[in-house]
Amino acid sequence: MFKIGIMKNIFLFFLFLGVCSCSVNAINPPSGVTEKQLSDDELMTLVQKQTFRYFWDFAHPESGLAHERSNGGAETATIGGSGFGVMAIIVGIERGFVTREQGAERMLKIVRFLSDKNTDSYHGMWAHWMNGKTGKTIPFSRKDDGADIVESAFMFEGLLAAHQYFTKDNPTENRIRGIINNLWRQAEWNFFTQGQDVMYWHWSPNNGWAMNHQIKGHNECHIVYILGASSPTYPIAESVYHKGWANANTFLNGREYYGIKLPLGNNHGKGGPLFFTHYSYMGLDPRGLKDRYADYEEQMKAHTLINRAYCIDNPKGYKGYGEKCWGLTASDGDKGYSAHSPGNDRGVITPTAALSSIPYAPEYSLEAMRYFYEELGDRLWGEYGFKDAFNLTENWFAPSYLAIDQGPIIVMIENYRTGLIWKLFMSHPDVQKGLRRLGFTSPYLNKVD
């Protein structure tokens, strides 16, 4: 690991010198308060550009997939985080961080790798982690050594958006669309129900269904059921959504916290970690999205505002918590990785929590963004944007960046600014059919297909 770290630092040094013509130029970190205060647009673009480098300059050189973390194994790629990276590449093209041709070539590299016969897949799904060089599964745990349909769903969320974006009639983009379509049609969503009215998270050729983890809401997994219902080849029954996902003790809420009503989700954790509002909704647009259970725009806003209100209340008295410094979600911490939330508060603030919630509370997210950049400065800002987390009580700042935390920052800022990824994903005909099957209403479903 020490040798890998040295090699990585050498590689990044040459990237900064511009040896790699395709690299994205880094923006020097601030030292305390910046000399010239950036406008909101300038600050958002800066944050997107610097964070984009994680998925561009730091991508696995052979597969183009995203590394699980900046301080992890050199070959360990993450499928879910790479799905977020796929969406980030689209944003990078639109923002001019790379050219469309460069982005298309990188996308083709990724989808070719995913579809290669030597890359492990299980009933059309991938594992949580894989070797970015060989395509072989890296076990996430002893029995978790096969399909992970949640991580795979995050990848398909990105791939379907890419299918709708790379629409030019040229060999590269035609090939991208063709491979994505094949991957999408090969995914056996209904297999992961075991013939029951619920979906199961894992399956392994070595351990079968031993993990026995049913996916029930409300949490980060909404997209799994949406995609399962949208499949043109292996769809789940409508009853799987209503009896599995929605029929759970932790699904309906309806209580008020800090005077804010929370329609769905965890009671003890006041909605749980904020990544519940990000991962499924990077592609799935909650604006005007409703089913028989909830108004999802209301849900996302309430969850975000409750999380912020808890940090302002700061019942445990941690240093730094307040109106400008808020956001609890899963991340590294001074005592290790944990799913931080009001019900699991360890004094750790995670930038992606507030920043990726910008579509739901833009004024408050921008206030946090400015605080993180201008006041915490180079203690928090680095080569790939904001580091993963910090604990001011312990004077601890993470040395790490994680794909699943960096990706939502880029994508959700863009969804706030232009709705780009929302529009792409929601325009896919199969997604629209799936939403209709499950009884959703959405402004996108009122448009002519």
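Colleague: In this predicted model, what makes the crossing of α2 past α12 left-handed?

Modeller: The term applies when the near helix is turned anticlockwise from the far one by less than a right angle. α2 passes α12 in just that left-handed sense. The two pack at about 145°, with axes 9 Å apart.

Colleague: Which residues make that contact?

Modeller: On the α2 side, they include Met 44, Gln 48, Phe 52 and Phe 55. On α12, among them are Gln 406, Ile 410, Ile 413 and Arg 417.

Colleague: And why is α2 called oblique to α3?

Modeller: Their axes come within 9 Å and cross at roughly 130°. Roughly parallel needs under 35 degrees, roughly antiparallel over 145, and roughly perpendicular 65 to 115, with the rest oblique. The 130° crossing falls in none of those three ranges, so α2 is oblique to α3. This crossing is left-handed too. Gln 48, Phe 52, Phe 55 and Trp 56 make the contact from α2, and α3 brings residues including Gly 81, Gly 85, Ala 88 and Gly 92.

Colleague: How do you know that the span of α3 is close to what's expected?

Modeller: Expected span is 1.5 Å times one less than the number of residues. For the 16 residues of α3 (79-94) that gives 22 Å, and the helix reaches 23 Å from first C-alpha to last.

Colleague: What makes α3 "mostly covered"?

Modeller: A residue is buried under 20% relative accessible area, and 15 of the 16 in α3 are buried.

Colleague: What caps the N-terminal end of α3, and what follows the helix?

Modeller: Thr 78 is the cap, with a side-chain oxygen 3.3 Å from the backbone nitrogen of Gly 81; the polar-contact limit is 3.5 Å. After α3 comes Gly 96, with a positive phi near 80°.

Colleague: Over to the strands. Why does Asn 131 count as buried?

Modeller: Asn 131, in β2, has 18% relative accessibility, and the cut-off is under 20%, so Asn 131 counts as buried. A polar atom of the Asn 131 side chain also lies 3.0 Å from the backbone nitrogen of Thr 134. Beyond four places in sequence, Asn 131 contacts Glu 75, Phe 113, Lys 136 and Ile 138.

Colleague: How do you know that Ser 338 is buried?

Modeller: Ser 338 has a relative accessible area of 7%, which is under 20%, so Ser 338 is buried. This serine sits in β11. Setting aside residues up to four places away, Ser 338 touches Thr 329, Ala 330, Ser 331, Asn 344 and Arg 346.

Definitions and conventions:
Residues numbered from 1 in each chain as written. Predicted model: local features only at pLDDT ≥ 70, side-chain atom pairs only at ≥ 80, totals over all residues. Heavy atoms only, no water. Helix = DSSP H or I, 4+ residues; strand = E, 2+ residues; numbered from the N terminus. Buried < 20%, exposed > 50% of the residue type's maximum accessible area, 1.4 Å probe, protein only. Polar contact = N/O pair within 3.5 Å; in protein donor to acceptor, adjacent residues only side chain to side chain. Contact = heavy atoms within 4.5 Å. Axes fitted to C-alpha atoms, helices over the stretch in contact; angles between N-to-C directions.
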